[in-house]
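Colleague: Before we look at anything in detail, could you take me through this model feature by feature, giving the general idea and then the case at hand?

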Amino acid sequence: MAEPKLVLALPKGRVMDDSLRAFGRAGLRLAPPESERAMRYDAGDAMVTLMRNADVPTYVELGVADAGVVGKDVLLETGARVYEPADLGFAACRLSLVRPRGATGTVERVATKYPRLATEYLRRIGSSAEVVKLTGNVELACLTGLADAVVDVVQTGETLRANGLEEVDVILRSSARFVVNRAALKLRGDVLRPLIAALRDLPGAR
Ligand code: PRP
């Protein structure tokens, strides 16, 4: 009997496009979704499930997906126990502490989508600032006075420049990672091991 197809968890949007391209170069033939609303489809050499990036580690950790692609920042924030065998290199960004340009004085409240990483960072620098969890457009917190700093993703820096904010400290550097369910690596090693080797060999990956 034929083995079931590999199930991949991918974030919707640009990372999905970059991931499908990377898998293609690594020898997995995967078609793009036929509709923007697709959530799960047979892509050829694998089944693809599409979701918010923050949910990818959960799907992979629980084994609903055998493997997936997610940013290192999100992976650390969720603390999911998955293998992380390849850095795909794309979606490079920094998770940074951001303040209004020229701001001085003690930071008392930090808004972020990354409460776990922000809390760890603040503890590390000896700050007792309060952490407030938001779900998007976090920079707004700084502009409105909800918080006096934010911990957020900086990619080009355009969002900061456009809103009079500046990057004060880089907390971590992130990029897209290929993540694999622990049991799947053993059970589907025949497919996953050569795929991991091929992904690591791609330009910009390691
Ligand atoms: C991310 C991040 C910043 C922006 C940074 O937001 O939260 O707002 O991108 O990119 P830049 O440095 O190139 O301007 P995203 O567009 O992912 O939306 P979100 O805040 O709703 O998650």
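Colleague: Which residues surround the ligand?

Modeller: A residue is near a molecule if one of its heavy atoms lies within 4 Å of it, and by that rule the ligand is surrounded by Lys113, Gly136, Asn137, Glu139, Asp152, Val153, Val154, Gln155, Thr156, Gly157, Glu158 and Thr159. Please keep in mind that this is a predicted model, in which local features need pLDDT of at least 70 and side-chain atom pairs count only at pLDDT 80 or more, whereas totals for chains, interfaces and linings use all residues. Residues are numbered from 1 along each chain as its sequence is written, and side-chain values use heavy atoms, with hydrogens and water left out.

Colleague: How many residues of each class does the shell around the ligand have?

Modeller: The classes are defined by residue type: Ala, Val, Leu, Ile, Met, Phe, Trp, Tyr, Cys and Pro count as nonpolar, Asp, Glu, Lys and Arg as charged, and the others, Gly among them, as polar. Here the shell has 2 nonpolar, 6 polar and 4 charged residues.

Colleague: Which side chains have a polar atom close to an oxygen atom of the ligand?

Modeller: A polar contact is a pair of N or O atoms within 3.5 Å; within protein, one must be able to donate a hydrogen and the other to accept it, and residues adjacent in sequence count only if both atoms are side-chain atoms. For Glu139, a side-chain N or O atom is 2.8 Å from a ligand oxygen, for Asp152 the distance is 2.7 Å, and for Thr156 a polar side-chain atom lies 2.5 Å from an oxygen of the ligand. The protein covers 63% of the 500 Å² of accessible area that the ligand has on its own, with areas taken from the Shrake-Rupley method with a 1.4 Å probe.

Colleague: Which element gives the most residues to that shell?

Modeller: Helices (H or I, at least four residues) and strands (E, at least two) are DSSP runs, numbered from the N terminus. Strand E9 (149-154) and helix H6 (158-162) are the elements that give two or more residues to the shell, and E9 gives the most, with 3 residues.

Colleague: How many disulfides does a search of the whole structure find?

Modeller: A disulfide is a covalent bond between the sulfur atoms of two cysteines, and the criterion here is a pair of cysteine sulfur atoms within 2.5 Å. The search finds 0 disulfides; the sulfur of Cys93 is 18 Å from the closest cysteine sulfur, in Cys142, which is too far for a bond. Buried means under 20% relative accessible area, exposed over 50%, and partly exposed in between (1.4 Å probe, protein chains only), so Cys93 counts as buried at 11% and Cys142 as buried at 9%.

Colleague: How many aromatic pairs are found?

Modeller: Rings of Phe, Tyr and Trp (its six-membered ring) pair if their centres lie within 6.5 Å, and planes under 30 degrees apart count as stacked, over 60 as edge-to-face and the rest as tilted. There is 1 aromatic pair: the ring centres of Phe23 and Phe178 are 5.7 Å apart and the planes stand at 75°, so the pair is edge-to-face. Phe23 in helix H1 and Phe178 in strand E11 are 155 residues apart, and both are buried.

Colleague: Where is Asn137, and what is its phi?

Modeller: Most residues other than glycine have a negative phi. Asn137, in the loop between strand E8 (130-133) and helix H5 (139-144), has a positive phi of about 50°, and at 58% relative accessibility Asn137 counts as exposed.
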